[in-house]
Amino acid sequence: SASKAEPLSRMLGQAAQRAVAVDEILAGPAWGYRRRARLGLQWQPKTRELLMGFRQEASNDLVAIRVCPILAPELEALLPPLRDCLSALKAASRLGHLELVLADNGPLMVLRHLDALHADDREKLERFSHEQKLMLFLDDGERLEQVRGEEPFYHSGEVRLTFSPQDFIQVNDAVNQQMVAQAIAWLDLRPEDRVLDLFCGMGNFTIPVGKCVQNAVGVEGVAALVRQAAYNAQLNNLKNVRFFQHNLEEDVTRQPWAAQGFNKVLLDPARAGAAGVMAHVVKLAPERVVYVSCNPTTLARDSQTLLSAGYHLERVAMLDMFPHTRHLESMVLFSKT
């Protein structure tokens with residue numbers, strides 16, 4: 001993990017024009033950490049077998065998978081019986097892919113099927129989901145149908161967030177919990193604070209933050225995530241938390257939320273970074289900014305805007321979301337003193 005942090009320290013050091021050290025590394029278990037997997041399904045006409053597995057790197061070929069040590073054990077245990085169940089379906093040759101997700105209230109499966117399912121197949125799938133205590137969703141390409149189970153949810157800090165299996169959630173629960181707690185600690189939240197959370201998804205940060213402050217506003221480009229976030233704020237009875245949909249690559253100055261006086265800002269953009277909103281963040285002049293990043297290059301570029309405007313780079317943490325890979329996520333605290 002420490003060696004993965006070196007490029008980040010170097011890039012941020014260049015942006016800040018001084019040596020920058022990573023204060024801490026947030027990590028969880030190296031094995032059994034993934035709570036989500038997408039598996040391809042491919043019917044082999046010659047052997048009349050169903051191949052279930054992951055795609056080979058830089059290829060469309062499927063590699064059959066019966067064990068996956070980085071997958072949550074509850075999901076890994078499903079792999080052999082699931083393949084047997086799907087192989088026995090009349091529709092075995094007409095399946096697309098499947099997703100497995102471990103929610104806090106149990107495992108769920110989404111099965112993509114290309115044709116309408118025969119009643120026998122539905123019955124087999126329902127029986128399997130009942131035996132395995134599995135929430136079952138069927139996806140015909142038009143709509144997602146929940147056949148069995150309750151509404152999936154996970155916890156972010158002290159709040160409960162329901163989600164659709166198609167929503168983005170962080171795959172590493174242990175590191176996500178630490179990341180949310182660290183962001184809240186770094187923002188040094190007070191009851192009178194007004195917090196803006198940009199690229200907020202379904203409220204992974206916004207809703208826990210909302211429990212501690214006067215107002216929290218989340219902005220996100222994906223409409224389904226905004227709806228889910230608003231629903232979660234309602235479920236957690238947080239009337240001081242509001243969500244807006246806006247493509248944050250476009251001008252934000254005329255947005256209804258943009259003029260509100262925020263004294264703390266949190267950003268968690270995708271790999272492309274947050275170039276479209278950095279000037280506006282500076283204009284809001286928040287006391288503290290926490291930036292969560294999955295790309296050191298765009299983080300260094302966006303940091304430059306804050307540093308040029310008189311912000312100080314206070315803390316840097318690395319998030320080891322994906323053990324055994326080169327991938328790096330990071331979180332940086334800026335303050336204006």
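This is a short guided tour of a predicted model, stop by stop, with a suggestion of what to select at each one.

**Stop 1: the seven-stranded sheet**

Begin by selecting the strands β2 to β8. These 7 strands make up an open sheet with mixed pairing, and its order is β4-β3-β2-β5-β6-β7-β8. Where does the sheet end on either side? Its edge strands are β4 (62–64) and β8 (144–148), each of which pairs on one side only. Turn the view a little and look at how the strands are set against each other: on average, neighbouring strands of this sheet are turned by 35 degrees, direction ignored.

Now pick out β6 along with β7, which covers residues 135–139. Over 5 bridges, β6 and β7 pair in the parallel sense. To find your place in this pair, show the side chains of leucine 108 and methionine 135: leucine 108 stands opposite methionine 135 in β7. Keep the sheet on display and add α4, which packs on it and touches β6, β7 and β8. The direction of α4 makes about 60 degrees with that of β8.

**Stop 2: helix α3**

Next, select residues 79–87, which are helix α3. This helix lies across β2, β3, β5 and β6, and it runs at about 135 degrees to β3. Which of its residues are buried? They are Leu79, Leu82, Arg83, Cys85 and Leu86. Look down the axis of α3 and you will see that these buried residues fall within an arc of 160 degrees, so they line one face of the helix.

What do those residues pack against? Their partners are β2 (36–44), β3 (49–55), α2 (73–76), β5 (95–103), β6 (106–113) and α4 (119–131).

**Stop 3: two cysteines**

While you have α3 in view, keep Cys85 selected and add cysteine 68. How many disulfides does the structure hold? The number is 0. Cysteine 68 is in no disulfide, and the nearest cysteine sulfur to its own is that of cysteine 85, 20 Å away. Seen from cysteine 85, the closest cysteine sulfur is the one in cysteine 68, and at 20 Å that is too far for a bond. For a pair to count as a disulfide, the sulfur atoms would have to be within 2.5 Å.

Are these cysteines buried or exposed? Cysteine 68 has 9% relative accessibility and counts as buried. Cysteine 85 is buried as well, with a relative accessible area of 11%.

**Stop 4: strand β17 and its neighbours**

Move along to residues 329–335, strand β17, where 7 of the 7 residues are buried. Try colouring the two faces separately. On one side are Glu329, Met331, Leu333 and Ser335, and on the other are Ser330, Val332 and Phe334; both faces are covered.

Which strands pair with β17? One of them is β15 (residues 288–293), antiparallel to β17 over 6 bridges. In this pairing, tyrosine 291 stands opposite valine 332. Another is β16 (residues 312–319), which is also antiparallel to β17, over 7 bridges. Here leucine 313 stands opposite phenylalanine 334.

**Stop 5: asparagine 295**

For the last selection, follow the chain out of β15 to asparagine 295, in the loop between β15 and α9 (296–308). With a relative accessible area of 11%, asparagine 295 is buried. What lies 3.0 Å from a polar atom of its side chain? Show the backbone of threonine 297 to see the partner, which is the backbone nitrogen of that residue.

Technical notes:
Residues are numbered from 1 along each chain as its sequence is written. This is a predicted model: local features need pLDDT of at least 70, side-chain atom pairs count only at pLDDT 80 or more; totals for chains, interfaces and linings use all residues. Side-chain values use heavy atoms; hydrogens and water are left out. Buried means under 20% relative accessible area, exposed over 50%, partly exposed in between (1.4 Å probe, protein chains only). Helices (H or I, at least four residues) and strands (E, at least two) are DSSP runs, numbered from the N terminus. The arc is that of the directions from the helix axis to the C-beta atoms. Contact means heavy atoms within 4.5 Å. Two strands pair if DSSP finds at least two bridges between them. A polar contact is a pair of N or O atoms within 3.5 Å; within protein, one must be able to donate a hydrogen and the other to accept it, and residues adjacent in sequence count only if both atoms are side-chain atoms. Axes are lines fitted to C-alpha atoms, for helices over the stretch in contact, and angles run from 0 to 180 degrees between N-to-C directions.
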